[in-house]
Amino acid sequence: MIKVKEVILKKLKESTQDYVSGEELSNILGVSRTAVWKCINELKKEGYVIDSSSKKGYKLCYVPDIINSWEIKEGLGTRIIGQNIHCFSEIDSTNNYAKTLAQKGCDDGTVVLAEHQTQGRGRLGRSWDSMGGKGIWMSIVLRPAVGLEDVQIITLAAAVAVVLAFKKVMGIDAGIKWPNDIVLDGKKVCGILTEMSMEMERINFLILGIGINFSHEESEFPEEIRDRATSLGIYLKEKKGMDISRFKRSHLIRAILSELEEVYDMINEGKAGVIVEEWKKYSVTLGKEVVIKYREEQYTGIAQDVDQSGRLIVKQDDGTVREILSGEVSV
Ligand code: BTN
């Protein structure tokens, strides 16, 4: 049934100016007109606005901002990332599901998405608020051909891919706070959680979990993070007077997957240095005084550089230089 729905939608999209008759659809698909009608009703329930006329057939009038694999795959020109996409209306955490798929041997580049996560997870053991229909909650399974020392680079690369996609799709200039928080005017709009499985000192697979606040209003964030969090919608309205409803999440997801494939190719070709240089262009951390918190420890210094392994180089006031691989940074 899913395949039938997909073909009907494709056909309707190809002729948005015109009606497509039920007979034509049933002939193309080799199913009854009742089956076509059932699929049309399902699409309507999902939010597609389709005009039905007993004489002329069906005409697509509006595509909703929903997440399904065929909306994302439409025009996706990647070879690896997003060839398999699993979408859920609700799930505990897309990272958990992606991990299960990876353990069962799913392909490199498999993507998991959900409208709502009931137990979204963030970095450093925190929870990640994942409201239904408001964000992009996505995990990607990667099987990179690199050693453990390059794992951090993959995380930096994912942040670069997201920033490039924001720019391409919405014209938004976002910054990256080390290692991989994407910020707009100092407020977090996207977080990335990388989880890894190792076997004999080798990366078995890596799960890249990306959470993007898309259309939240300020009041929809939990009170305790309201001063630190933002959404693409809030930013677009404030800065460009635009409404987020003119953009579709599926379009942004597609752009992220293509950008990700480009940086992933570079990593697999051993060009980590290029990624680091690209990351530095968008960094809002370098050159600033930073406070680093890691477990019980806290120290301050100037963020001087990021090395080829993605470590942040911080020079403390007493001249000591520290290389930081993990932790929370406040600028
Ligand atoms: C952070 O703390 O900054 C990272 C947040 C990562 C959230 C995403 S949403 C999709 C994926 N599934 C999860 O449970 N977490 C990540």
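User: Which exposed residues sit on the face of α9 turned away from its buried side?

Analyst: Keep in mind that this is a predicted model. On the other side of helix α9 (residues 272–282), the buried residues are A272, I275, V276 and W279. Turn away from that buried side and the exposed residues you meet are G273, E277 and K281.

User: Why do the buried residues of α9 line one face of the helix?

Analyst: The residues in question are A272, I275, V276 and W279. In general, an α-helix has 3.6 residues a turn, so residues three or four places apart point the same way. Looking down the axis of α9, its buried residues line one face because they fall within an arc of 100 degrees.

User: And what covers those buried residues of α9?

Analyst: Both helices and strands turn up here. The cover includes the strands β6 (175–177) and β11 (297–306), along with the helices α6 (151–170) and α8 (249–268).

User: β11 is in a sheet too, right? Which strands stand at the edges of that sheet?

Analyst: The sheet is open, has five strands with antiparallel pairing, and runs β13-β12-β11-β10-β14. An edge strand has a single partner, so one side of it is left without a neighbour in the sheet. That picks out β13 (321–324) and β14 (328–330).

User: Which residue in β12 stands opposite A303?

Analyst: β11 pairs with strand β12 (residues 312–315) in the antiparallel sense, over four bridges. Opposite A303 you find V314.

User: Is strand β4 largely enclosed or open, and how many of its seven residues are buried?

Analyst: Strand β4 (residues 111–117) pairs in the parallel sense with strand β3 (residues 85–91), over six bridges. Within that pair, C87 stands opposite L113. β4 is largely enclosed by the rest of the structure, because the number of its seven residues that are buried is six.

User: How about M198, buried or exposed?

Analyst: M198 belongs to strand β8. Leaving aside neighbours within four places in sequence, M198 is in contact with I203 and N204. Its count is 12 C-beta neighbours inside 10 Å, so M198 is exposed.

User: How are the residues around the ligand divided into nonpolar, polar and charged?

Analyst: The shell has 21 residues, and the closest are S93, G122, G191, G209 and G211. Elements that each supply at least two of the shell's residues are α5 (94–103), β5 (135–142), β8 (187–199) and β9 (202–213). By type, the shell comes out as six nonpolar, eleven polar and four charged.

Definitions and conventions: Residues numbered from 1 in each chain as written. Predicted model: local features only at pLDDT ≥ 70, side-chain atom pairs only at ≥ 80, totals over all residues. Near = placed C-beta within 6 Å. Nonpolar A, V, L, I, M, F, W, Y, C, P; charged D, E, K, R; others polar. Buried ≥ 20, exposed ≤ 12 C-beta atoms within 10 Å, placed from the backbone. Arc of directions from axis to C-beta. Contact = placed C-beta atoms within 7 Å. Pairing = 2+ DSSP bridges.
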